[in-house]
Structures are given as structure tokens and as C-alpha cells.
Amino acid sequence: MSSGDDSHILIFGRGDRAAGISIDGFPRGLTGLRPIDYPSEQRRLDDLSISASYTTGDDIWFEFDPEAMFRNLAGNASP
């Protein structure tokens, strides 16, 4: 990585059960979030193990279970 590159890998789990995703910055805590109902995308949210949705300003944030998401994605992968 070059010194100006802000991409990182966020690792979930440990050992041979670990998985990672590419992120564009360090994780950060959020404040002032308001819970919202996001039913128009409910099927996709269930597939990604999203348990809650929040808004702040123009942004929407999702709370999810990363281990369940990776298990679900692995189960839907083609051989």
C-alpha cells in the first residue's frame, strides 16, 4: 500500500474461521443515530443478517452479525 492509500482489511473471527472485507478507513463509533424501519429492502437485509437500521443526516447505517453474514454467503456460493 502507498502512504496515501486509506484502504484496510477488517477481519471477523479467528483462525481458519476468519473472514475479512475491504474497508476505506478505520472503524469508528457513531452517535446521534435514529432507528428506522427499512422494509423495502427486507429480503436483502435478511440475506446479509442485518438486525437493525439507523439514520443520521442523509446516511443509513446497518447493524449486522458478520459471522452469520459470512455463513450465509458461503452457503450460497457456487461450487
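# Aromatic pairs, pockets and helix packing

A search of the whole structure, which is a predicted model, finds two aromatic pairs. Such a pair of rings is described by the distance of the centres and the angle of the planes. Phe-12 and Phe-64 make up an edge-to-face pair, with 6.2 Å centre to centre and 70 degrees between the planes. This pair links distant parts of the chain, since Phe-12 belongs to strand E1 (residues 8–12) and Phe-64 to strand E5 (residues 59–64), 52 residues apart. Phe-12 has a relative accessible area of 17% and is therefore buried, the cut-off being under 20%. Phe-64, in contrast, is partly exposed, because its relative accessible area of 31% falls between the 20% and 50% limits.

Phe-12 also pairs with Phe-70; here the geometry is tilted, at 5.8 Å centre to centre and 50 degrees between the planes. Phe-70 lies in helix H2 (residues 66–75) and Phe-12 in strand E1, so this pair ties together parts that are 58 residues apart in sequence. Both Phe-12 and Phe-70 are buried. Phe-12, Phe-64 and Phe-70 form one aromatic cluster.

The elements that contribute these rings can be placed within the overall fold. The protein has two helices and five strands, and from the N terminus on its elements run β-β-β-α-β-β-α. Of the 79 residues in the protein, 15% are buried. Among contacts between residues at least 6 apart in sequence, 21% join residues at least 24 apart.

Helix H2 merits a closer description. At its N-terminal end, Asp-65 acts as a cap: a side-chain oxygen of Asp-65 lies 3.1 Å from the backbone nitrogen of Glu-67. Within H2, the residues Pro-66, Ala-68, Met-69 and Phe-70 are buried. The buried residues of H2 pack against E1, E2 and E5. The tilted pair of Phe-12 and Phe-70 joins strand E1 to this helix.

Where is empty space left around these elements? Rolling a probe the size of a water molecule over the atoms shows where such space is left. The largest pocket holds about 660 Å³ of space. It is lined by 20 residues, of which Leu-10, Leu-30, Trp-61, Phe-62 and Phe-64 are the closest to its centre. E1, strand E2 (19–23), E4 and E5 are the elements that each give two or more residues to this lining. The greatest contribution to the lining of the largest pocket comes from E5, with four residues. By class, the lining comprises 15 nonpolar, two polar and three charged residues.

The second largest pocket has a volume of about 160 Å³. Its lining consists of Phe-12, Gly-13, Arg-17, Ala-19, Glu-67, Phe-70 and Arg-71. Phe-12 and Phe-70, the two rings of the tilted pair, are thus among the lining residues of the second largest pocket. H2 gives the most to this lining, with three residues. Three of the lining residues are nonpolar, one is polar and three are charged.

Strand E4 (residues 50–56), one of the elements that line the largest pocket, includes Thr-55. Thr-55 counts as buried because its relative accessibility is 9%, under the 20% cut-off. The side chain of Thr-55 reaches the backbone oxygen of Asp-59 at 3.0 Å. Leaving aside residues up to four places away in sequence, Thr-55 touches Gly-32, Leu-33, Arg-34 and Ile-36.

Thr-56 is likewise found in strand E4. At 26% relative accessibility, Thr-56 counts as partly exposed, because this value lies between the 20% and 50% limits. With residues up to four places away in sequence again left out, the contacts of Thr-56 are Thr-31, Gly-32, Leu-33 and Trp-61. Gly-32 and Leu-33 are thus touched by Thr-55 and by Thr-56. Thr-56 and Pro-35 stand 21 residues apart in sequence, and their C-alpha atoms are 9.2 Å apart in space.

Methods: Residues are numbered from 1 along each chain as its sequence is written. This is a predicted model: local features need pLDDT of at least 70, side-chain atom pairs count only at pLDDT 80 or more; totals for chains, interfaces and linings use all residues. Side-chain values use heavy atoms; hydrogens and water are left out. Rings of Phe, Tyr and Trp (its six-membered ring) pair if their centres lie within 6.5 Å; planes under 30 degrees apart count as stacked, over 60 as edge-to-face and the rest as tilted. Buried means under 20% relative accessible area, exposed over 50%, partly exposed in between (1.4 Å probe, protein chains only). A polar contact is a pair of N or O atoms within 3.5 Å; within protein, one must be able to donate a hydrogen and the other to accept it, and residues adjacent in sequence count only if both atoms are side-chain atoms. Contact means heavy atoms within 4.5 Å. On a 1 Å grid over the protein atoms alone, a cavity is a set of points where a 1.4 Å probe fits but cannot get out, and a pocket is an open set with protein on both sides within 12 Å along at least five of seven lines; lining residues have an atom within 4 Å of a point. Grid points are joined across faces, edges and corners, and a volume is the space filled by probe spheres set on the points. Ala, Val, Leu, Ile, Met, Phe, Trp, Tyr, Cys and Pro count as nonpolar, Asp, Glu, Lys and Arg as charged, and the others, Gly among them, as polar.
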